[in-house]
Amino acid sequence: MEGDSVTIESFMTITQEDRVTWIINGNLTVEHIEYFWDGYNCTDVQCTDRENGLRDRLQVNLDGSLTITNVTVTDSGDYWLSVSGRNGGGAGLYTVVVC
């Protein structure tokens, strides 16, 4: 529901060396670009969103999951996860529907 927080689980094994990229609705990119994690949060998240303020509500977690706080109906859509690293990688497509 609007105003809640949502976490999209990665269901993959993520290591510090992996590159984690989330692509939201085909154009907004959030990625862990430096191979450094601090506590439970990714410390270097790049977000190219300029219009709807989603950037300040996103968090890439240590397990590769993506948390969105204070969700709105406009956050609904397709969320594509890509993980790459020394030991291979994986990908997944998740659909989020906010009522």
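Biologist: Which residues touch the most other members of the largest nonpolar core?

Modeller: Keep in mind that this is a predicted model. The largest nonpolar core has 19 residues, and strands E2 (19-24), E3 (28-32), E7 (58-60), E8 (66-68), E9 (77-85) and E10 (88-96) each give two or more residues to this core. The members that touch the most others are Ile8, Trp22, Ile24, Leu58, Leu66, Ile68 and Tyr79.

Biologist: Is Trp22 buried or exposed?

Modeller: Let's look at who sits around that side chain, skipping neighbours within four places in sequence: Trp22 is in contact with residues including Ile8, Val60, Leu66, Tyr79 and Tyr94. Buried means under 20% relative accessible area. Trp22 comes out at 0%, so Trp22 is buried.

Biologist: Which residue forms an aromatic pair with Trp22?

Modeller: The structure holds just one aromatic pair. The pair is tilted, with 5.6 Å centre to centre and 45° between the planes. One ring belongs to Trp22 in strand E2, while the partner is in strand E10, 72 residues apart. That partner, buried too because its relative accessible area is 18%, is Tyr94.

Biologist: What is the order of the strands in the open sheet of three strands?

Modeller: Start at the edges: strand E1 (6-8) and E7 each pair on one side only. E7 is joined to E8 by three bridges, and these two run antiparallel. So the order, with antiparallel pairing, is E1-E8-E7.

Biologist: Which residue in E8 is the bridge partner of Val60?

Modeller: E7 and E8 are joined by three bridges. In E8, the partner of Val60 is Leu66.

Key. Residues are numbered from 1 along each chain as its sequence is written. This is a predicted model: local features need pLDDT of at least 70, side-chain atom pairs count only at pLDDT 80 or more; totals for chains, interfaces and linings use all residues. Side-chain values use heavy atoms; hydrogens and water are left out. A nonpolar core is a set of buried Ala, Val, Leu, Ile, Met, Phe, Trp, Tyr and Cys residues joined through side-chain atoms within 4.5 Å. Buried means under 20% relative accessible area, exposed over 50%, partly exposed in between (1.4 Å probe, protein chains only). Helices (H or I, at least four residues) and strands (E, at least two) are DSSP runs, numbered from the N terminus. Contact means heavy atoms within 4.5 Å. Rings of Phe, Tyr and Trp (its six-membered ring) pair if their centres lie within 6.5 Å; planes under 30 degrees apart count as stacked, over 60 as edge-to-face and the rest as tilted.
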